[in-house]
Amino acid sequence: MSYFAVAVGREGDEWEAAEVDLDAVADVEDAAEVMREAFPDADLTLLFVDADDEYLTVMRLDKGDDLRTFGSDAEYASQSRLGEALLGDLEPEDTEEIDTEDEESISARPTELDAEPVGEADLLGDLGVPGSTLLALCAKEGMMPSDVVAEVAKSLGFTEALEDATGA
């Protein structure tokens, strides 16, 4: 299974992004170390992993600690070594507790997902992308992981950094 991974770091109000290699990653701590190495002085580092244009993993590291992870589908953990390393220990997301009362997410309730999300869907909630929105983006017909990352980048304000890093 092939993957594409990009780390995004924020120091103050400035965002930077860089493609990263996860071939040597054996577990989430190894992934966190890759994030720390990519942006050692970042207040916030995000890692987005797109696997075969099918599965999305989002990891968040605050000030080099407090690692949180979301996976769009638990199946990724059983499909590859990297999927197992990133998502293998995560519990399914409890979509019943996601706030779906806001107008934006009413039409895309998490119960409509064809996948089994794992981890913490609300890991970007304090930044402006609530769990219900992330789940809705992952569930939207025709939306690929790279499209979800682009939407998150637009919401959080790092589109230019992402485009510079990926050449998109």
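**Exercises: two odd aspartates and a core**

D53 sits in the loop that joins β3 and β4. Strands here are DSSP E runs of at least two residues and helices are H or I runs of at least four, numbered from the N terminus. Before you start: this is a predicted model, where local features need pLDDT of at least 70, side-chain atom pairs count only at pLDDT 80 or more, and totals for chains, interfaces and linings use all residues. Residues are numbered from 1 along each chain as its sequence is written, and side-chain values use heavy atoms, with hydrogens and water left out.

**Exercise 1.** Find what is unusual about the backbone of D53 and D66, and say how exposed each residue is.

*Solution.* Start with phi: D53 has a positive value of about 55° without being a glycine. Now the cover: D53 has a relative accessible area of 44%, so it's partly exposed (buried is under 20%, exposed over 50%, partly exposed in between; 1.4 Å probe, protein chains only). Next, D66 lies in strand β5 (residues 65-71). D66 isn't a glycine either, yet its phi is positive, about 50°. With a relative accessible area of 47%, D66 is partly exposed.

**Exercise 2.** Work out which element gives the largest share of the largest nonpolar core.

*Solution.* A nonpolar core is a set of buried Ala, Val, Leu, Ile, Met, Phe, Trp, Tyr and Cys residues joined through side-chain atoms within 4.5 Å. This one holds 27 residues, and W15, L46, F48, L124, V152, L156 and F158 touch the most other members. Elements that each supply at least two residues include β1 (3-11), β3 (44-51) and α5 (145-156). The winner is α5, with 5 residues.
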